[in-house]
Amino acid sequence: MTDRHPMRPFGAEIDLGTGDMLEPERITVRKASDMRGYYADAGALERLIQEGSDPVHYQVFEKPVPETPGNLMYCISKLMPGVVGDEFFMTKGHYHAVRETAELYLCLRGEGFMLMKTESGECTAEPMKRGRMVYVPPGWAHRSVNTGDDPLISFCVYPAEAGHDYGDIEQEGLPKRVLRVNGRPELVAAAAE
Ligand code: F6R
Ligand code: ZN
């Protein structure tokens, strides 16, 4: 008789001090040059790419599971600290391709915001800091923003079939940006670009 549930249980280790996943099987790396078109100050991004030798912007560490309904994908998302012009480092941001899928982020290190938006244009931000959980409901695009001096590291869990849709965020961005104003983070309306 074949087993209806052939997958075997397994474990993974995450260093709660540093936020690092031990022995990840897949690492996605986004460099500064992958972020062209995302920041308000395109010139500042080019200077970072040239003068900083195209530094790593963020990484996603995974031990992937099959992308089928019933499974839970999980990862460590690690976003470096810094600014592009006055704008704090951020991830690209995406909707889940399967819109009816949520995501849970547990922040392990650093501080910042989870910037979220619906397709009808509602936009909100939830603070992130060590020990704080942010729940991204179905239908909300989400982008992490690092406003601190350390890497912003979160443990993320979401339905494995969710997929990623970068489409309209890549074209239009989000209605709000997180800028450094007088040394402090401030959410400001994105200028019509
Ligand atoms: C997965 C998820 C995170 C992000 C990661 C990188 O659904 O939300 O693991 O994928 O923080 O951000 P993006 O994918 O927007 O480049
Ligand atoms: Zn997601």
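## Ligand 1 and its polar contacts

A polar side-chain atom of Tyr 166 sits 2.5 Å from an oxygen atom of ligand 1. This is a predicted model, and two further side chains make a similar kind of approach to the ligand: Glu 103 brings a polar side-chain atom to 2.8 Å from a ligand oxygen, and His 164 places one 2.9 Å from an oxygen atom of ligand 1. On its own, ligand 1 would expose 390 Å², and the protein buries 97% of that area.

## The shell around the ligand

Which residues come nearest to ligand 1? Out of the 16 residues around the ligand, they are Tyr 58, Gly 93, Glu 103, Tyr 105 and Tyr 166. Sorted by class, the shell holds six nonpolar, seven polar and three charged residues.

If you like to think in secondary structure, look at strand S2 (56-62), strand S3 (72-79) and strand S7 (103-109), each of which supplies at least two residues of this shell.

## The largest pocket

The space that ligand 1 takes up is the largest pocket. The volume of this pocket is about 410 Å³. It has 26 lining residues, and those closest to its centre are Val 60, His 94, Tyr 158, His 164 and Tyr 166. His 164 and Tyr 166 are already familiar from their contacts with ligand oxygen atoms.

Strands S2, S3 and S7 return here, each giving two or more residues to the pocket lining, along with strand S1 (26-31), strand S11 (141-146) and strand S12 (152-159). The lining divides into nine nonpolar, 10 polar and seven charged residues.

## The second largest pocket

How much space lies in the second largest pocket? The figure is about 270 Å³. This pocket is lined by 16 residues, with Phe 88, Glu 111, Thr 147, Gly 148 and Pro 185 nearest its centre. Two or more lining residues come from each of strand S8 (111-117), strand S9 (123-129) and strand S15 (184-189). By class, the lining has six nonpolar, five polar and five charged residues.

## An enclosed cavity

Besides the pockets, the count gives one cavity of 30 Å³ or more. The largest cavity has a volume of about 40 Å³. Its lining includes a run of neighbours, Val 136, Pro 137, Pro 138, Gly 139 and Trp 140, together with His 142. Tyr 95, His 96, Arg 99 and Thr 101 also line this cavity. Five of the lining residues are nonpolar, four are polar and one is charged.

Technical notes: Residues are numbered from 1 along each chain as its sequence is written. Chains are lettered from A and ligands numbered from 1 in the order in which they are written. This is a predicted model: local features need pLDDT of at least 70, side-chain atom pairs count only at pLDDT 80 or more; totals for chains, interfaces and linings use all residues. Side-chain values use heavy atoms; hydrogens and water are left out. A residue is near a molecule or strand if one of its heavy atoms lies within 4 Å of it. A polar contact is a pair of N or O atoms within 3.5 Å; within protein, one must be able to donate a hydrogen and the other to accept it, and residues adjacent in sequence count only if both atoms are side-chain atoms. Accessible areas come from the Shrake-Rupley method with a 1.4 Å probe; for residues, only the protein chains shown count as cover. On a 1 Å grid over the protein atoms alone, a cavity is a set of points where a 1.4 Å probe fits but cannot get out, and a pocket is an open set with protein on both sides within 12 Å along at least five of seven lines; lining residues have an atom within 4 Å of a point. A molecule sits in a cavity or pocket if more than half of its atoms lie within 2 Å of its grid points. Helices (H or I, at least four residues) and strands (E, at least two) are DSSP runs, numbered from the N terminus. Ala, Val, Leu, Ile, Met, Phe, Trp, Tyr, Cys and Pro count as nonpolar, Asp, Glu, Lys and Arg as charged, and the others, Gly among them, as polar. Grid points are joined across faces, edges and corners, and a volume is the space filled by probe spheres set on the points.
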